[in-house]
Amino acid sequence: MKKEILFNIVFMFVVFSAQPIFAQKVTDTTEPFKGYISNNEYQVYIRMNFYENNIVVPDQEIFGELPGFFGAQRDSRKWLFTSAKIVDKNNAEVTITNDYGSEDLVATLTSINDSTFTLKQKEGSTLKIAVKGKWVKIPKTITLKR
């Protein structure tokens, strides 16, 4: 009997304490250019906040607060969003540079719907990541999802 009561107390604690965690995953559709989006095929992601420009790149705090960055799960290097301009409710133009500052490009990030985005590289260098010691170019147009 005591074990059952203890189990119920622990179970209720876990259930009720988990609700705020799940509530944070709800996407604010009024600010599509804020949050985390990723592409599973290339194992890349974007962390962004084009409204407050307050993203700090992990382990690269020296760059300060930025609109966001492009990263890869298999590569510790980041491509930094040095500027981001929201053109309309579905489109933003970003200027991107690698973390060495030796390559840069201009791209358009388009919100297709609440959970799907397209990053299109327009001019400049090509986004690339290192995988097992070799450079892998990211396609000029890539789809990312929340």
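This passage walks through the nonpolar cores, the charged side chains and the aromatic pairs of a predicted model.

A good place to begin is the interior. The largest nonpolar core holds 24 residues, and within this set Ile46, Phe70, Leu109 and Leu119 touch the most other members. Many strands take part: two or more residues each come from strand E2 (44-49), strand E5 (68-72), strand E6 (75-88), E7, E8, strand E9 (116-124), strand E10 (128-131) and strand E12 (141-145). Ile46 gives a helpful view of how these pieces come together. Beyond its neighbours within four places in sequence, Ile46 is in contact with Gly35, Tyr36, Ile37, Phe69, Phe70, Phe81, Leu109, Leu119 and Leu144. Phe70, Leu109 and Leu119 thus appear both in this contact list and among the residues that touch the most other core members. Another core, of 6 residues, lies apart from the largest one, and its members include Tyr45, Ile55, Val57 and Leu80.

Turning to charge, the structure holds 4 salt bridges. In one of them, the side chains of Glu31 and Lys34 come together with an N to O distance of 3.5 Å. Both partners are partly exposed: Glu31 has a relative accessibility of 21%, and Lys34 has a relative accessible area of 34%. A salt bridge also joins Asp75 and Arg77, whose closest N and O atoms are 3.3 Å apart. Here the two surroundings part ways, since Asp75 is buried at 7% relative accessibility, whereas Arg77 is partly exposed at 31%. Lys128 and Glu103 make a further salt bridge, with 3.1 Å between the closest N and O atoms. This pair connects distant parts of the chain, as Lys128 belongs to strand E10 and Glu103 to the loop between E7 and E8, 25 residues apart.

The loop between strand E7 (91-98) and strand E8 (104-111) also carries Asp99, and this residue deserves a closer look. What is the nearest side chain of opposite charge to the buried Asp99? It is Arg77, at 5.9 Å. A salt bridge requires a side-chain nitrogen of Lys or Arg within 4 Å of a carboxyl oxygen, so Asp99 has no salt bridge despite being buried. Asp99 does have a polar partner, however: its side chain and that of Gln60 are joined by a polar contact of 3.2 Å. Outside its neighbours within four places in sequence, the contacts of Asp99 are Gln60, Phe63, Arg77, Lys78 and Leu80. Two residues met earlier return in this list: Arg77, the salt-bridge partner of Asp75, and Leu80, a member of the 6-residue core.

Aromatic rings complete the picture, with 5 aromatic pairs in the structure. Phe33 and Phe50 are stacked, with 5.7 Å from centre to centre and 10° between the planes. Phe33 sits in the loop between helix H1 (2-23) and strand E1 (34-39), and Phe50 in the loop between E2 and strand E3 (55-56), so their pairing ties together parts that are 17 residues apart in sequence. Both Phe33 and Phe50 are buried. A further stacked pair is formed by Tyr36 and Tyr45, at 5.4 Å centre to centre and 25° between the planes. Tyr36 is partly exposed, with a relative accessible area of 31%, while Tyr45 is buried at 12% relative accessibility. Finally, Phe33 and Phe50 join Phe81 and Phe117 in a cluster linked by ring pairs. Of these, Phe81 is also one of the contacts of Ile46.

Notes. Residues are numbered from 1 along each chain as its sequence is written. This is a predicted model: local features need pLDDT of at least 70, side-chain atom pairs count only at pLDDT 80 or more; totals for chains, interfaces and linings use all residues. Side-chain values use heavy atoms; hydrogens and water are left out. Helices (H or I, at least four residues) and strands (E, at least two) are DSSP runs, numbered from the N terminus. Buried means under 20% relative accessible area, exposed over 50%, partly exposed in between (1.4 Å probe, protein chains only). Lys and Arg count as positive and Asp and Glu as negative; His and the chain ends are not counted. A polar contact is a pair of N or O atoms within 3.5 Å; within protein, one must be able to donate a hydrogen and the other to accept it, and residues adjacent in sequence count only if both atoms are side-chain atoms. Contact means heavy atoms within 4.5 Å. A nonpolar core is a set of buried Ala, Val, Leu, Ile, Met, Phe, Trp, Tyr and Cys residues joined through side-chain atoms within 4.5 Å. Rings of Phe, Tyr and Trp (its six-membered ring) pair if their centres lie within 6.5 Å; planes under 30 degrees apart count as stacked, over 60 as edge-to-face and the rest as tilted.
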